[in-house]
Amino acid sequence: MSIEIANESGVNVDETSIVSAARFALDKMEVSPLAELSILLVTLEVMEDLHERWMDLPGPTDVMAFPMDELDSSRRPDAPDASPALLGDIVLCPAFAKDQAKTAGHSLMDELHLLTTHGVLHLLGYDHAEPAEEREMFGLQKRILGEFQAAVAALNKRDAQRSADDRLLGTAGLDAVPADEPPA
């Protein structure tokens, strides 16, 4: 799965973490590993322009999704092998998301993970215009985000334990000997 990210927002964020959230959501939704996705982080001004131009709504917003190819599972039997499907673009506005994060009582990165997951679901055809659609999409979003946060917490716990183990082994003189040095 190819995920490109470009940060043109002027806000310093952990881009790798945003890509990880997108990859996790795509994996949970069983999207083909041949799929391609683009994530763009923009300024308030750029987001406002996109929001007005494409949604005919005033002011900036937090996230927009621009689907590209339809994921067509009903391909002709004589069609050539599948090529990478360009899912589309997710556009995030970290400056807008900052206020939402503060209101929600979590970090900007938590908000950007939520918005990335939301954008992925939009690219996959989910919407929230009707109450039933909203329940389905937001329920799925909450589940994916919860599983992502649990996976990140488990990874951080494992890394912390590994670091503690390495310190303990070093204190006991059992740390690894560099390859170019003979053992003492």
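Helices and strands here are DSSP runs, at least four residues long for a helix and at least two for a strand, numbered from the N terminus. By that scheme, T117 sits in helix 4. The model shown in these views is predicted.

**Figure 1. The whole chain contains five helices and four strands.**
Starting at the N terminus, the order of elements is β-α-β-α-β-β-α-α-α. The chain has 184 residues, and 30% of them are buried. Take the contacts in the chain with a separation of 6 or more. Of these, 64% join residues 24 or more positions apart. The close-ups below look at parts of this picture.

**Figure 2. Helix 4 crosses helix 5 at roughly 130 degrees.**
Helix 4 covers residues 108-123, and helix 5 covers residues 131-171. Their axes come within 10 Å. Angles of 65 to 115 degrees count as roughly perpendicular and those over 145 as roughly antiparallel. The crossing angle therefore makes helix 4 oblique to helix 5. The crossing of helix 4 with helix 5 is right-handed. On the helix 4 side, the contact uses D110, H113, L114, T117, H118, L121 and H122. On the helix 5 side, it uses M137, F138, L140, Q141, I144, L145, F148 and Q149. What kinds of residue make up the contact of helix 4 with helix 5? Eight are nonpolar, six are polar and one is charged.

**Figure 3. T117 is a buried residue of helix 4.**
Is T117 buried or exposed? Its relative accessibility is 2%, so T117 counts as buried. A residue is called buried when its relative accessible area is under 20%. The side chain of T117 has a polar atom 3.0 Å from the backbone oxygen of H113. Which residues does T117 touch, leaving out those up to four places away in sequence? They are A25, Q141, I144 and L145. T117 also appears among the helix 4 residues that meet helix 5. In addition, T117 is one of the helix 4 residues that meet helix 1.

**Figure 4. Helix 1 also crosses helix 5, at roughly 125 degrees.**
Helix 1 spans residues 15-28. The axes of helix 1 and helix 5 come within 10 Å. Because of the crossing angle, helix 1 is oblique to helix 5. Helix 1 passes helix 5 in a right-handed crossing. Helix 1 contributes S17, S20, A21, F24, A25 and K28 to the contact. Helix 5 contributes I144, E147, F148 and A151. The residues of this contact of helix 1 with helix 5 split into six nonpolar, two polar and two charged.

**Figure 5. Helix 1 packs on helix 4 at an angle of about 40 degrees.**
The axes of helix 1 and helix 4 are 9 Å apart. The crossing of helix 1 with helix 4 is right-handed. S17, I18, A21, A22, A25 and L26 come from helix 1. M109, L112, H113, T116, T117 and V120 come from helix 4. How many charged residues are in the contact of helix 1 with helix 4? There are no charged residues, alongside eight nonpolar and four polar.

**Figure 6. R143 and L87 each have a C-alpha partner from elsewhere in the sequence.**
R143 belongs to helix 5. Its relative accessible area is 41%, so R143 is partly exposed. R143 and A25 are 118 residues apart in sequence. In space, their C-alpha atoms are 9.9 Å apart. L87 is part of strand 4, residues 86-92. With 2% relative accessibility, L87 counts as buried. S38 and L87 are 49 residues apart along the chain. Their C-alpha atoms are separated by 8.2 Å.

**Figure 7. E30 and D56 have positive phi values.**
E30 has a phi of about 55 degrees, although E30 is not a glycine. Where is E30 found? It lies in the loop between helix 1 and strand 2, the strand of residues 36-41. At 73% relative accessibility, E30 counts as exposed. D56 has a phi near 55 degrees, and D56 is also a residue other than glycine. The loop holding D56 runs between helix 2 (44-55) and strand 3 (63-67). D56 is exposed, with a relative accessible area of 69%.

Definitions and conventions. Residues are numbered from 1 along each chain as its sequence is written. This is a predicted model: local features need pLDDT of at least 70, side-chain atom pairs count only at pLDDT 80 or more; totals for chains, interfaces and linings use all residues. Side-chain values use heavy atoms; hydrogens and water are left out. Axes are lines fitted to C-alpha atoms, for helices over the stretch in contact, and angles run from 0 to 180 degrees between N-to-C directions. Angles under 35 degrees count as roughly parallel, over 145 as roughly antiparallel, 65 to 115 as roughly perpendicular and the rest as oblique. A crossing is left-handed if the near helix is turned anticlockwise from the far one by less than a right angle, and right-handed if clockwise. Contact means heavy atoms within 4.5 Å. Ala, Val, Leu, Ile, Met, Phe, Trp, Tyr, Cys and Pro count as nonpolar, Asp, Glu, Lys and Arg as charged, and the others, Gly among them, as polar. Buried means under 20% relative accessible area, exposed over 50%, partly exposed in between (1.4 Å probe, protein chains only). A polar contact is a pair of N or O atoms within 3.5 Å; within protein, one must be able to donate a hydrogen and the other to accept it, and residues adjacent in sequence count only if both atoms are side-chain atoms.
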